[in-house]
Amino acid sequence: MNEATFFKNISAYRRKMRIVGLFQLVFLVAVIVGDFLLIVLMERYFHYRKNDPILVLPIVLFFILLLINAIFADWINQKVARDTGMVCPSCDKVVRGRAIPIIIATHNCIHCGREFYHL
Ligand SMILES: [Zn+2]
């Protein structure tokens, strides 16, 4: 891999991750709004009172969806990084996030220490 290819891969990775981030933001807003609507629905139509223990259910659901979102975010981040070629040619490990500026500065992989790309 040469420097130009690496920088092209970084742009492709960041472009795709921006779209993923937008989807995650929409998902998060939908979960929060859906949660409030569920609480209102439970209070208004099923006549649960404000301190009823069953109203914990939407909050538990919110945290479950948040956990699923975090797991999905890591998985999709790995997949996008691999698909855009953000992989070390020596050890085949994915590099992303804070590893990128270190690789730019040192030209070496943060996992195995071997040369990531040459100039
Ligand atoms: Zn490596």
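This short talk walks through the helices, the loops and the nonpolar core of one structure, which is a predicted model.

Let me begin with helix H1, which covers residues 3–45. Its 43 residues, taken at 1.5 Å a residue, should span 63 Å, and the C-alpha atoms at its ends are 61 Å apart, which agrees with that expectation. Just after H1 comes histidine 47, and the phi of this residue is positive, near 55°.

Helix H2 takes in residues 56–83, and for these 28 residues the expected span at 1.5 Å a residue is 40 Å, in agreement with end C-alpha atoms that are 40 Å apart. H2 is followed by glycine 85, which also has a positive phi, in this case near 85°.

How do the axes of these two helices lie relative to one another? The axes of H1 and H2 come within 11 Å and cross at roughly 170°, and because angles over 145 degrees count as roughly antiparallel, H1 is described as roughly antiparallel to H2. On the H1 side the contact is made by residues including Tyr13, Met17, Val20, Phe27, Leu28 and Val31, while on the H2 side the residues include Leu61, Phe62, Leu65, Ile76 and Val80. Sorted by class, this contact holds 16 nonpolar, three polar and two charged residues. As general background for looking at such a contact, an α-helix has 3.6 residues a turn, so residues three or four places apart point the same way.

Valine 80 is a useful residue to follow from here, since, leaving aside neighbours within four places in sequence, valine 80 is in contact with Tyr13, Lys16, Met17 and Val20. Which residues make up the largest nonpolar core? There are eight of them, namely Tyr13, Val80, Ala81, Met86, Cys88, Val95, Cys109 and Phe116.

Now to the loops, starting with the one between H1 and H2, where tyrosine 48 is found. Tyrosine 48 counts as partly exposed, because 16 C-beta neighbours lie inside 10 Å. Apart from residues within four places in sequence, tyrosine 48 is in contact with Met42, Glu43, Ile54 and Leu55. Between tyrosine 48 and arginine 96, which are 48 residues apart in sequence, the distance from C-alpha to C-alpha is 47 Å.

The loop between H2 and H3 contains cysteine 91, and it also contains aspartate 92, with helix H3 itself covering 99–106. Are these two residues buried or exposed? Cysteine 91 is partly exposed, with 13 other C-beta atoms within 10 Å, whereas aspartate 92 is exposed, with 10 other C-beta atoms within 10 Å. Not counting residues up to four places away in sequence, cysteine 91 touches Cys109, His111 and Cys112. Cysteine 91 is 82 residues from asparagine 9 along the sequence, and their C-alpha atoms are 18 Å apart in space. For aspartate 92 and valine 33, which are 59 residues apart along the chain, the C-alpha separation is 41 Å.

I will finish with the backbone, where it helps to recall that most residues other than glycine have a negative phi. Aspartate 92 has a positive phi of about 65° although it is not a glycine, and histidine 107, likewise not a glycine, has a positive phi of about 65°. Histidine 107 belongs to the segment after H3, and with 14 C-beta neighbours inside 10 Å it counts as partly exposed.

Terms used
Residues numbered from 1 in each chain as written. Predicted model: local features only at pLDDT ≥ 70, side-chain atom pairs only at ≥ 80, totals over all residues. Core = buried A, V, L, I, M, F, W, Y, C linked by C-beta atoms within 7 Å. Buried ≥ 20, exposed ≤ 12 C-beta atoms within 10 Å, placed from the backbone. Contact = placed C-beta atoms within 7 Å. Helix = DSSP H or I, 4+ residues; strand = E, 2+ residues; numbered from the N terminus. Expected span 1.5 Å × (residues − 1). Axes fitted to C-alpha atoms, helices over the stretch in contact; angles between N-to-C directions. Parallel < 35°, antiparallel > 145°, perpendicular 65-115°, else oblique. Nonpolar A, V, L, I, M, F, W, Y, C, P; charged D, E, K, R; others polar.
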